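Open the model in your viewer and keep the selection box at hand. The tour below goes from stop to stop, saying what to select and what is there.

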Amino acid sequence: MTPTNPSPILQHLIEITGHRDHTRLEYSVISALRHLVGMREVRKLEFFVEKDVTYVRAFTLLLDGEMVAPDRPAVCEEQCLPLASYPELVKGLEQRSNSVQHTYADGSYRLWFPVQLNDRTVACLEIATDTAYTQQTLDVINGIVEVYRNYQSLLDYSERDALTGLFNRKTFDEQFSRHTRDAGTAAAAGEDSTEAHWLAVIDIDHFKQVNDRFGHVYGDEVLILVANLLKSSFRSQDRIFRFGGEEFVVLLRQASLEQARLIFNRLRTNIEQFRFPQVGRVTISVGFTSANAGAPVEIMGHADQALYHAKENGRNLVCYYEELMKGGQLQATEAAQNDVELF
């Protein structure tokens with residue numbers, strides 16, 4: 001018997017389940033759908049809550065039938081709108097539908113596929129076409145998306161923190177190692193990138209007192225609410241991790257120093273002004289540094305030193321490592337005194 005090649009669907013399923021990264025998984029799913037059924041536009045809608053209102057942050061994966069790289073902010077320009085701006089989707093979510101479809105007055109067609117994490121809808125794939133699909137085509141799309149959902153759940157289980165839904169320490173190790181390796185390769189090849197990246201370590205001030213005074217239930221609620229504020233403060237291209245306990249890490253991509261400082265200070269102010277149930281006022285300290293070059297342990301150590309300086313100088317501060325070094329407030333030899341254990 002002559003062996004036959006796998007069917008196109010099977011080939012795409014092999015590719016989809018071969019990834020260990022959420023972004024690559026999403027793009028392989030979109031690539032499969034584009035090849036198998038055709039579509040005009042695909043967006044990922046991320047949900048986040050701010051002041052008891054659910055918002056949708058949208059970014060484009062496919063535009064005019066062409067794949068869009070996640071590092072092209074001019075095309076992936078995000079839109080933040082209340083979820084109520086999508087009434088058809090809201091109705092489908094209330095009915096806990098696996099898919100929602102709607103044809104508009106101009107004949108354009110939308111399909112939404114909710115994505116869940118720990119029984120909570122956290123995102124949605126939105127497919128736009130000029131005309132409605134046949135039932136046979138819908139069956140193919142539903143099958144591919146269901147594989148995507150199941151496989152993403154497996155990735156989430158191993159990559160995310162169960163309490164906050166943020167990426168965990170293990171995922172940080174893997175992603176940040178890959179980031180620094182790629183940056184080093186680009187530098188060795190002589191590629192002069194003008195896009196700066198920043199690593200920030202964020203710590204909740206006096207968090208032990210929260211647990212001691214109010215109990216771990218309210219302590220956990222503070223962690224969840226801080227995580228929600230983190231999600232609403234950063235873009236889809238950035239990465240947020242719960243590093244352990246009350247400590248979080250953010251990899252901020254493609255931003256100037258002025259933008260990075262503004263973003264981190266805005267986060268600090270938002271948390272300071274937020275009123276946490278029962279607990280009241282909570283503040284954070286932030287230390288950040290350039291993540292464009294250097295070994296992972298070195299970069300992390302610099303951010304950690306800046307955080308330590310913020311803690312030692314009154315807390316509720318944002319401190320920039322390179323600025324502290326330039327001003328003589330930190331010494332290069334201090335790096336050896338810090339116990340940094342990574343990788």
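Start with Asp238 and show what surrounds it: leaving aside neighbours within four places in sequence, Asp238 is in contact with Leu251, Leu252 and Arg253. This is a predicted model, so read each stop as a feature of a prediction.

**Stop 1: Asp238**

Stay on Asp238 and colour by secondary structure. Asp238 sits in the loop that runs between helix H7 (216-233) and strand S9 (239-244). Is Asp238 buried or exposed? Its relative accessible area is 5%, and because buried means under 20%, Asp238 is buried.

Now show side chains and add Arg235 to the selection. The side chains of Asp238 and Arg235 make a polar contact at 2.9 Å. Next, show the backbone of Arg253: its nitrogen lies 2.9 Å from a polar atom of the Asp238 side chain.

**Stop 2: helix H2**

Select residues 22-36, which make up helix H2. Put a distance between the C-alpha atoms at the two ends, and the viewer should give 21 Å. The span expected for the 15 residues of H2, at 1.5 Å a residue, is also 21 Å, so the two values agree.

Which residues of H2 are buried? They are His22, Thr23, Leu25, Glu26, Tyr27, Ser28, Val29, Ile30, Ala32 and Leu33. Then move on to Gly38, which follows H2 and has a positive phi, near 75°.

**Stop 3: the aromatic pairs**

Hide H2 and show the aromatic side chains. The model has twelve aromatic pairs. Among them is the pair of Phe172 and Phe243, which is edge-to-face, with 5.2 Å centre to centre and 90° between the planes. This pair links distant parts of the chain: Phe172 belongs to helix H5 (residues 169-188) and Phe243 to strand S9, 71 residues apart. Phe172 is buried, at 0% relative accessibility, and Phe243 is buried as well, at 12%.

Select Phe274 and Phe276 next. They form an edge-to-face pair too, 4.8 Å centre to centre with 70° between the planes. Phe276 counts as buried, with 3% relative accessibility.

**Stop 4: the cluster and Arg160**

Go back to Phe172 and Phe243 and add Phe167, Phe176 and Phe241; these five form one aromatic cluster. Finally, select Arg160 together with Phe167. Arg160 lies over the face of the Phe167 ring, 4.2 Å from the ring centre.

Note on methods
Residues are numbered from 1 along each chain as its sequence is written. This is a predicted model: local features need pLDDT of at least 70, side-chain atom pairs count only at pLDDT 80 or more; totals for chains, interfaces and linings use all residues. Side-chain values use heavy atoms; hydrogens and water are left out. Helices (H or I, at least four residues) and strands (E, at least two) are DSSP runs, numbered from the N terminus. Buried means under 20% relative accessible area, exposed over 50%, partly exposed in between (1.4 Å probe, protein chains only). A polar contact is a pair of N or O atoms within 3.5 Å; within protein, one must be able to donate a hydrogen and the other to accept it, and residues adjacent in sequence count only if both atoms are side-chain atoms. Contact means heavy atoms within 4.5 Å. The expected span of a helix is 1.5 Å times one less than its number of residues. Rings of Phe, Tyr and Trp (its six-membered ring) pair if their centres lie within 6.5 Å; planes under 30 degrees apart count as stacked, over 60 as edge-to-face and the rest as tilted. A charge sits over a ring if NZ of Lys or CZ of Arg is within 6 Å of the ring centre and within 35 degrees of the ring normal.
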